[in-house]
Amino acid sequence: MEFPFDINQIFSERVSILDQTLVAGRRSAERPDLQGHIATVIDELGRASAKAQQLTAPITSASKLQSQRHQLYLLKDGESSGGRGVVVGFLKVGYKKLFLLDRGGVHIEAEPLCVLDFYITENLQRHGYGLELFDFMLQHKNLEPMLMAYDRPSPKFLSFLAKHYSLTQSVPQVNNFVVFEGFFFFNRSVAQLRKVPLKKPDGEIKPYSLMEREVVRQEQRTLPWPFAPPHSPQRLVSSQCSHSLSMRSSPSRAPPQVVPPSCPGCSRIQSPQSPLIDRYRERRSSQQGLAARCSLYSWNMDSRAVGPLDRPLPGTSLSHFHVSVHPRRMASAAELP
Ligand SMILES: CC(=O)SCCNC(=O)CCNC(=O)[C@H](O)C(C)(C)COP(=O)(O)OP(=O)(O)OC[C@H]1O[C@@H](n2cnc3c(N)ncnc32)[C@H](O)[C@@H]1OP(=O)(O)O
């Protein structure tokens with residue numbers, strides 16, 4: 001994506017990390033005119049992403065970034081366009097408080113890092129730029145993709161996650177977020193998730209992702225629960241759990257391609273020795289740059305935990321996975337599903 005100004009002058013790094021301040025390095029902090037250019041770039045990227053996802057309005061813009069506590073990773077190619085550089089794409093992430101269903105249909109309150117928007121310019125897609133950007137974010141956040149939630153991922157993004165991170169088995173949700181097998185098990189090992197009482201009064205429950213993607217085109221919605229076809233994931237899950245949360249799920253543009261539970265009511269969490277984890281471990285250990293990435297798991301917290309996915313590293317922070325735990329409900333391992 002080209003602009004009528006010098007991209008290299010604004011973004012000195014190949015990947016810039018932008019937040020509420022709209023500052024990309026020291027230079028732009030000192031120059032209000034450069035900040036205007038940054039806003040132009042973000043707005044343009046947001047529009048292009050919305051178009052690519054067939055949303056009626058962008059979910060990413062400079063003004064939204066200024067008002068929300070999100071982070072935007074912007075990738076440039078500094079050598080193109082006669083040395084002025086081009087913008088390749090962006091990835092926006094942020095923490096969201098979510099009510100999720102584990103494999104057994106138990107409501108879990110969590111605040112994981114979520115992928116909120118992701119876009120690589122059309123002519124550069126399928127060239128590995130998306131992977132470069134996503135890997136950069138994972139290293140910066142010191143996080144594994146299995147521990148994140150994905151806000152209504154597009155088919156291309158689902159294919160991307162399957163190809164690069166072997167994320168294929170999702171745990172059905174009644175909201176717009178997709179989480180994958182391992183999310184509950186490994187996050188729980190880091191910090192206790194909070195089980196949400198099934199009869200929690202509606203008033204206390206915050207809505208799902210209602211802020212941004214509700215602007216999606218109504219006609220592209222498929223039928224939500226309880227109108228979904230009898231064997232759809234929504235129905236399978238909703239039939240197992242309480243309804244106060246289900247009724248509040250936000251509309252979806254195109255429901256995530258979730259995989260229905262193979263055995264509703266059976267073992268909720270894969271054994272750490274399961275083929276899934278083995279596959280994941282094999283794949284991850286063969287990747288270059290793995291050493292730079294920290295494992296997240298503190299295995300002392302739960303006596304049932306059997307060992308790290310990669311390895312524990314000193315100084316591992318829990319901050320990537322904010323969990324709301326009521327002081328009196330700091331659950332012991334035995335309390336958890
Ligand atoms: C939560 C959200 O943000 S959902 C929104 C996600 N964004 C979009 O759908 C916007 C349009 N798509 C894109 O911008 C990009 O395709 C992205 C961001 C999804 C992936 O970035 P890319 O640079 O294309 O990915 P990268 O080259 O690293 O990996 C390629 C893989 O991504 C997936 N992929 C990328 N483009 C496509 C496509 N047109 N059709 C199907 N799969 C695709 C495939 O798995 C592909 O592997 P393959 O070529 O072997 O089939």
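**Exercise 1.** Which residue just after helix 6 takes a positive phi?

*Solution.* First, a word on what you're looking at: this is a predicted model, where local features need pLDDT of at least 70, side-chain atom pairs count only at pLDDT 80 or more, and totals for chains, interfaces and linings use all residues. Residues are numbered from 1 along each chain as its sequence is written, and side-chain values use heavy atoms, with hydrogens and water left out.

Now locate the helix: helix 6 covers residues 155–165. Helices (H or I, at least four residues) and strands (E, at least two) are DSSP runs, numbered from the N terminus. Step past the end and you hit Ser 166, with a positive phi of about 55°. Ser 166 isn't a glycine, and it sits in the loop between helix 6 and strand 8 (170–171).

**Exercise 2.** Is Ser 166 buried, partly exposed or exposed? Do likewise for Arg 152.

*Solution.* Take the cut-offs: buried is under 20% relative accessible area, exposed is over 50%, and partly exposed is in between (1.4 Å probe, protein chains only). Ser 166 comes in at 22%, so call it partly exposed. Arg 152 has 1%, so it's buried. Arg 152 also has a positive phi, near 45°, and belongs to the loop between strand 7 (149–151) and helix 6.

**Exercise 3.** Sort out the two faces of helix 6.

*Solution.* List the buried residues: Phe 157, Leu 158, Phe 160, Leu 161, His 164 and Tyr 165. They're on the same side of helix 6 because they cover an arc of only 155° around the axis, taken from the directions from the helix axis to the C-beta atoms. Turned away from that side are the exposed Pro 155, Lys 156 and Lys 163.
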